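Please look over the sequence and the model below before reading on. The text then goes through the strands, the core and a few single residues.

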Amino acid sequence: MFKYIRFLHLIIGILTVCYSQNPSDKHYQCSRIISQENFNSFSSTLTENQKMLDIHYYKINLDIDVVSEFIKGVVTIKGSVGFSQPDALELDFSDEMTIDSVKFGNNIISYEHNQDMILIPAPNVQISEGYDFHLEVFYHGTPPVTGFGSFNFDSYNNIPHIWTLSEPYGSRNWWPCKDDPSDKADSVEVIITIDENQIVVSNGLLIDEV
């Protein structure tokens with residue numbers, strides 16, 4: 001059996017989601033220590049095209065297999081472009097993850113995925129005042145572990161669990177996004193499908209659990 005848990009986050013920069021197979025165990029290890037030297041080695045990869053995107057909303061929908069250390073995801077991204085318009089809509093996403101398809105509005109479109117970046121062609125017709133965009137990215141894989149704890153299949157007292165921290169640029173390892181703290185979405189919806197004997201903990205407001 002599986003259960004489906006949905007959270008709503010308002011004006012956030014970083015997500016933290018943890019899981020445990022033992023609901024009675026309250027001692028979840030949801031952070032790790034990293035040296036200041038390593039932390040300072042990270043730097044922004046924000047491109048000129050990304051600077052022209054204003055992200056308003058993410059919906060992160062994940063189906064997680066703890067045993068196989070594997071996730072399937074659909075991420076919805078809503079945002080806008082102003083007078084300065086990019087040649088392509090660029091999203092950060094690890095090359096170690098596999099993209100199944102990308103939708104722009106209601107249409108499946110072509111894209112490039114290399115150097116940890118998704119390049120999505122901008123609309124052919126330039127709209128001088130700017131435009132809104134609505135993207136969906138369907139993907140799967142085992143997220144790589146980088147940064148200040150990105151997406152980690154772990155254990156505590158021999159109990160499997162998962163934790164994320166994604167500081168400062170680790171979100172791209174497990175979901176496509178504009179992975180830079182300079183642009184914070186107005187809201188984020190997180191939907192997790194997990195084995196019934198697991199629990200999900202996240203910042204944000206719990207909306208429902210089925």
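Which residue in the hairpin of E11 and E12 takes a positive phi? In this predicted model, the residue is Asn 157, with a phi near 55 degrees, and the hairpin has 2 residues between its strands. Strand E11 and strand E12, the latter made of residues 159-164, run antiparallel and are paired over 6 bridges. Within this pairing, Ser 155 lies opposite Pro 160 of E12.

The overall content can be stated briefly. The protein contains 15 strands and 2 helices. Of its 210 residues, 46% are buried. Among contacts with a separation of 6 or more, 76% are between residues 24 or more positions apart. The accessible surface of the protein is about 10500 Å², and carbon and sulfur atoms account for 51% of that surface.

A second hairpin is built from E3 and E4, with 4 residues between the two strands. In its turn, Glu 69 has a positive phi of about 55 degrees. E3 and E4 are antiparallel and are joined by 12 bridges. Ile 64 has Ile 71 of E4 opposite it. E3 also pairs with E13, and there the strands run parallel, with 7 bridges between them. In that pairing, Tyr 58 is placed opposite Val 188 of E13.

Thr 76 can be used to look at strand E4, in which it lies. Is Thr 76 buried or exposed? Its relative accessibility is 6%, so Thr 76 counts as buried, the cut-off being under 20%. Leaving out residues up to four places away in sequence, Thr 76 touches Tyr 57, Tyr 58 and Lys 59, and also His 134, Leu 135 and Glu 136.

The next topic is the nonpolar core. In soluble globular proteins, nonpolar side chains tend to be buried together. The largest nonpolar core of this model has 39 residues, and those touching the most other members are Tyr 58, Leu 62, Ile 64, Ile 71, Leu 89, Phe 133 and Tyr 139. At least two residues of this core come from each of strands E3 (53-65), E4 (70-81), E5, E6 (98-104), E9, E10 (131-141), E11 (151-156) and E13 (187-195). E3 gives the most, with 6 residues. Ile 64 and Ile 71, named among these core residues, are the two that stand opposite each other in the pairing of E3 with E4.

Phe 133 shows what one of these core residues touches. Apart from residues up to four places away in sequence, its contacts are Leu 53, Ile 55, Ile 77, Lys 78, Gly 79, Ser 80, Val 81, Leu 89 and Phe 104. Leu 89, in that list, is itself named among the core residues that touch the most other members.

Leu 89 leads to another sheet. Its bridge partner in E9 is Ile 120. E5 and E9, the latter covering residues 117-121, are antiparallel and pair over 5 bridges. They belong to an open sheet of 3 strands in the order E5-E9-E8, paired in the antiparallel sense. Strands E5 (88-92) and E8 (112-114) are at the edges and have a single partner strand each, so one side of each has no neighbour in the sheet. On average, neighbouring strands of this sheet are turned by 20 degrees against each other, direction ignored.

Aromatic rings form a further set of links. There are 5 aromatic pairs in the whole structure. In one of them, Trp 174 and Trp 175 have ring centres 6.0 Å apart and planes at 65 degrees, so the pair is edge-to-face. Both Trp 174 and Trp 175 are buried. Ring pairs join these two residues with Tyr 58, Phe 151 and Phe 153 into a cluster. Tyr 58 therefore has a place both in this cluster and in the largest nonpolar core.

Lys 3 belongs to strand E1 (residues 2-10). Why does Lys 3 count as buried? Its relative accessible area is 11%, and the cut-off for buried is under 20%. Beyond its neighbours within four places in sequence, Lys 3 is in contact with residues including Ile 192, Thr 193, Ile 194, Asp 195, Glu 209 and Val 210. Lys 3 and Ile 194 are 191 residues apart along the chain, while their C-alpha atoms are separated by 5.6 Å.

Key. Residues are numbered from 1 along each chain as its sequence is written. This is a predicted model: local features need pLDDT of at least 70, side-chain atom pairs count only at pLDDT 80 or more; totals for chains, interfaces and linings use all residues. Side-chain values use heavy atoms; hydrogens and water are left out. Two strands pair if DSSP finds at least two bridges between them. Axes are lines fitted to C-alpha atoms, for helices over the stretch in contact, and angles run from 0 to 180 degrees between N-to-C directions. Buried means under 20% relative accessible area, exposed over 50%, partly exposed in between (1.4 Å probe, protein chains only). Contact means heavy atoms within 4.5 Å. A nonpolar core is a set of buried Ala, Val, Leu, Ile, Met, Phe, Trp, Tyr and Cys residues joined through side-chain atoms within 4.5 Å. Accessible areas come from the Shrake-Rupley method with a 1.4 Å probe; for residues, only the protein chains shown count as cover. Rings of Phe, Tyr and Trp (its six-membered ring) pair if their centres lie within 6.5 Å; planes under 30 degrees apart count as stacked, over 60 as edge-to-face and the rest as tilted.
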